[in-house]
Amino acid sequence: MNDDPNTPTPQEPTAGQAPEPTAGQAPEPTAEQPPAGEPTSAEETTSAEETTPVAPAAPRSTLARRLLGTVLPAVLVLGAIGGGIAYTKTTVDAADKTAPTTVWKKTDAKPGKDPAGDIGKGRTNTDLSRKLLPVPEGYRLGPDTAEFGNDGELTSKQATALMKSVGEGLSGKLRRALNKEIDKLGIKGLAARSYTADANDLVVEVYLVRMTDREAVHNWYKTQSQRPGARKGPAVEGHKKAKCFLAPKDSKVDLEAMECVAYDGELTVNVIAHGPKPFDSSAVAELMKDQLGHIASPGKYV
């Protein structure tokens, strides 16, 4: 007991009040003031977790539909790179521009009619091949392009399998989701034909894909009409549902590339062209115009 009257007597804490710490002693936490950084209750912990945003993973079907927009172009461009662009450079570089022109003597004899038709203009033995533009004046059948040859057609099964092959590098689940989306398109077939200008300065490839799902055809066109980085190509006269794009400028490359996309009913239409600079983009747009006109009126351009 301290009998010194000058020494202060400690006071008892009142209800609800924490005792004052002595010198050099840290205050103890109370029920009303929890330690910093710790939740006050289980309810507050749950609330904090609920307010933290968590980005949901995109469904595999959504990702598959996004990928679907790249499947068809990937198939076609792979074919184009495999044939046209290499053929153009080789042909132009090797062309003999000094060879004299030889005039053949005319004859009164007329050639007999080929029972197979005018194969120099392209095949006409299937409905889809008849939709392809016959080889126009100033052109001839061009080089082979991958699986298509220079005038080929794939069945529904073959075209579907080719498109699905683009997804082989994907994970198993996403690949199966992509394949499911491709099956929904109802691909009936794919026809392709290549053309080489008589001047050997232009190679053009035309691809037609027929699908039963017309909404998918329209969605494909909308996707292909968005080409970030590409240069706007010439307009296709008389066809608002057709757009052309030129590859980005590259001064180090001597060749130019251009692609036109369009659709007509259940058909998607791709025209891919390659040629040396200077490049006649208007000639490619004219071919696209003729191709679309031929689909509408098959006998007009024969």
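A salt bridge is a side-chain nitrogen of Lys or Arg within 4 Å of a carboxyl oxygen of Asp or Glu. Keep that rule in mind as you look through these views of a predicted model.

**Figure 1. Glu266 and Lys188 form a salt bridge.** The closest N and O atoms of this pair are 3.6 Å apart, which is within the 4 Å limit. Glu266 sits in the loop between β7 and β8, while Lys188 belongs to strand β3, so the bridge ties together parts that are 78 residues apart in sequence. Are the two partners buried or exposed? Glu266 is buried, with a relative accessible area of 18%, whereas Lys188 counts as partly exposed at 43%.

**Figure 2. Glu266 also meets Arg210 in a salt bridge.** Here the distance from N to O is 3.1 Å. Arg210 lies in strand β4 and Glu266 in the loop between β7 and β8, so this pair ties together parts that are 56 residues apart in sequence. Both Arg210 and Glu266 are buried. Now bring in the wider group: Asp127, Lys188, Arg210 and Glu266 are linked in a network of salt bridges. For the chain, the count comes to ten salt bridges.

**Figure 3. Arg227 forms a salt bridge with Glu259.** Look for the closest N and O atoms, which are 3.4 Å apart. Arg227 is found in the loop between α7 and β5 (231–232), and Glu259 in strand β7, so the pair ties together parts that are 32 residues apart in sequence. Arg227 is partly exposed, with a relative accessible area of 24%. Its partner Glu259 counts as buried, at 10%.

**Figure 4. Phe148 and Tyr207 make an edge-to-face pair.** A pair of aromatic rings is described by the distance of the centres and the angle of the planes. For Phe148 and Tyr207 the centres are 5.4 Å apart and the planes are at 75°, so the pair is edge-to-face. Phe148 lies in the loop between β1 (139–141) and β2 (151–155), and Tyr207 in strand β4, so the pair ties together parts that are 59 residues apart in sequence. Both residues are buried.

**Figure 5. Tyr221 and Tyr263 form a tilted aromatic pair.** Their rings are 5.1 Å apart, centre to centre, with 55° between the planes. Tyr221 is part of helix α7 (residues 214–224) and Tyr263 of strand β7 (residues 255–264), so parts that are 42 residues apart in sequence are tied together. Tyr221 is buried, and so is Tyr263. How many aromatic pairs are there? The count comes to two.

**Figure 6. Helix α5 has buried residues along one face.** Which residues of α5 (residues 156–164) are buried? They are Ala159, Thr160, Leu162 and Met163. Seen down the axis of α5, these buried residues fall within an arc of 160°, so they line one face of the helix.

**Figure 7. Two loops hold backbone details worth a look: Pro278 and Asn200.** The peptide bond from Lys277 to Pro278 is cis, with omega near 0°. You will find Pro278 in the loop between β8 (267–276) and α8 (281–296). Asn200 is not a glycine, yet it has a positive phi of about 60°. Its place is in the loop between β3 (187–197) and β4 (203–211).

**Figure 8. The chain as a whole has eight helices and eight strands.** Step back from the close-ups here. Of the 302 residues, 36% count as buried. The accessible surface comes to about 19,300 Å², with 54% belonging to carbon and sulfur atoms.

Definitions and conventions
Residues are numbered from 1 along each chain as its sequence is written. This is a predicted model: local features need pLDDT of at least 70, side-chain atom pairs count only at pLDDT 80 or more; totals for chains, interfaces and linings use all residues. Side-chain values use heavy atoms; hydrogens and water are left out. Helices (H or I, at least four residues) and strands (E, at least two) are DSSP runs, numbered from the N terminus. Buried means under 20% relative accessible area, exposed over 50%, partly exposed in between (1.4 Å probe, protein chains only). The arc is that of the directions from the helix axis to the C-beta atoms. Rings of Phe, Tyr and Trp (its six-membered ring) pair if their centres lie within 6.5 Å; planes under 30 degrees apart count as stacked, over 60 as edge-to-face and the rest as tilted. Accessible areas come from the Shrake-Rupley method with a 1.4 Å probe; for residues, only the protein chains shown count as cover.
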